[in-house]
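Hello,

Here is the structure I promised to pass on to you. Have a look first, and then read on for my notes.

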Amino acid sequence: MFVLIVGAGRLGSAIAKSALAEGHEVSVLDADPLSHERLDAGQDKSWEDSGGQFTVGTALEIDALAQAGIEHADVFIASTAGDNTNLVIAQIAQRRFGVAKAIVRVMDPARADWYGAQGLHTISPTKHAIEMFESALSSPPEGEQASPSPAQGRTGAVA
Amino acid sequence: MYAIIAGAGKVGRNLARELIAKGHEVTLIESSRPSYLANEEEFEHAIQYGEATELWVLERAGIQRADLVIAVTGDDEDNILVCQVAKEKYLCERIIARVNSPRNHDHFRLLGIQPAVSATDLILRLIEHEVPRYGLVHLLALEEERLEIIELEVAADAPTVGERVADISLPEGCLIISVLRAGSGFVPKPDTVIQEGDEVLLVLDPGLEESITAYFAPNGQPAAF
């Protein structure tokens, strides 16, 4: 699969590395040239030597998207720091370039739900964090005899 | 009418003032706290603090009953998303978005955000209208209604000089509605003769300018568009 990832922050760079390790073709687009360092960090070889592609540019520029190879992308991942940017570029990927699968990071749970219902694959880290905090809150304090509960079981599923 | 305006910058503030002065109900939404506080004294309950792209903020402003949503923040993604949820989630019938960077105009169109207004594009169009080519001036263009009124100056050796209006066979979809001569205008009769230096007003279907210009330009040369 050809995976195009826009936004190489902590999330985007980690997904990029694991997707490349899985044997996928991976292209990363980020407005900050220095974010390339995150792709090299902790690796034996540089990102390019490992077969990865990196383009500097913003995702609202059609030229940058084209250079990053959006025309051949099977999966588009929008993982910039901004919800609004992610939601707009994922829709551009879907509607203008016909990318089959657009996965979007949306911190705001309410909009993750609504745009999810509109055909975007939204993932809300906030929503997952809320669930984990709630389950941590309802579990017994450390050191006390804890009986296995469904709430605790969920913690492992998300991590 | 009830209008929600996202962004209390220069554009948003002045729009709000004008609409309120015309007797409309307005809520401004501003995401920067300093800017919100600076405008609160003037707009009182008509301004709210918050991110207009967040659903609860729009709902708090009463988007369910809004007749018009105007997104004029300085951020094109924000303007697109505010209008998109207004239209598609809250079924607001009328939206207007501001395009900050003309390069993003395509994105607005792609996502169905219309009308999208770009100051740069507007000024460019005005420049084109103000600098007449072969004396052509656009007086009125109603895109939706597909109607245009243009003014043309009749050149000395134009093919229509000395012709009676009745004898000029203009293409389908246009009509000479007025002639301005020596400082005053009149509605031409079939036997009015076109003279050099006349300014003729025509009503026409959009897209006919080029072929019409040929009738009044020197040697029948079409205008270069």
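Let me start with where the two chains meet. This is a predicted model, and in it the contact draws on 13 residues from chain B and 13 residues from chain A. On the chain B side, three helices each supply at least two residues: α3 (55-60), α4 (76-88) and α5 (105-110). Of these, α4(B) gives the most, with four residues. By character, the side of chain B that touches chain A splits into six nonpolar, three polar and four charged residues.

Next, the overall build of chain B. You will find seven helices and eleven strands in chain B. The domain assignment divides chain B into domain 1 (2-120) and domain 2 (129-220), and the C-alpha centres of these two domains of chain B are 41 Å apart. The outline of the chain can be put in numbers too: the C-alpha trace of chain B spans about 70 × 35 × 30 Å along its principal axes. Its radius of gyration is 24 Å, whereas a compact globule of 225 residues would come out near 17 Å. Buried residues account for 32% of the 225 residues in chain B. As for contacts in chain B with a separation of 6 or more, 54% of them join residues 24 or more positions apart.

Now to the interior. In soluble globular proteins, nonpolar side chains tend to be buried together. Here the largest nonpolar core has 69 residues, and A:Ile5, B:Ile5 and B:Val69 are the ones with the most contacts inside it. If you want a place to begin, try B:Ile5: leaving aside residues up to four places away in sequence, B:Ile5 touches B:Gly12, B:Leu15, B:Ala16, B:Val26, B:Leu28, B:Ile70 and B:Val72. There is also a second, separate core of 17 residues, and among its members are B:Val200, B:Tyr215, B:Phe216 and B:Ala217.

Finally, a word on confidence. Chain A has an average pLDDT of 91, and 89% of its residues score at least 70. One stretch of chain A calls for care: over residues 153-159, pLDDT stays under 50, and the model has seven contacts beyond four places in sequence for that stretch. Where pLDDT is low, the predicted coordinates should not be read in detail.

Happy browsing, and do write back with your thoughts.

Best wishes

Definitions and conventions:
Residues numbered from 1 in each chain as written. Chains lettered and ligands numbered in written order. Predicted model: local features only at pLDDT ≥ 70, side-chain atom pairs only at ≥ 80, totals over all residues. Core = buried A, V, L, I, M, F, W, Y, C linked by C-beta atoms within 7 Å. Buried ≥ 20, exposed ≤ 12 C-beta atoms within 10 Å, placed from the backbone. Contact = placed C-beta atoms within 7 Å. Nonpolar A, V, L, I, M, F, W, Y, C, P; charged D, E, K, R; others polar. pLDDT = per-residue confidence, 0-100. Domains from an automatic or database assignment. Rg over C-alpha atoms; globule rule 2.2 N^0.38 Å.
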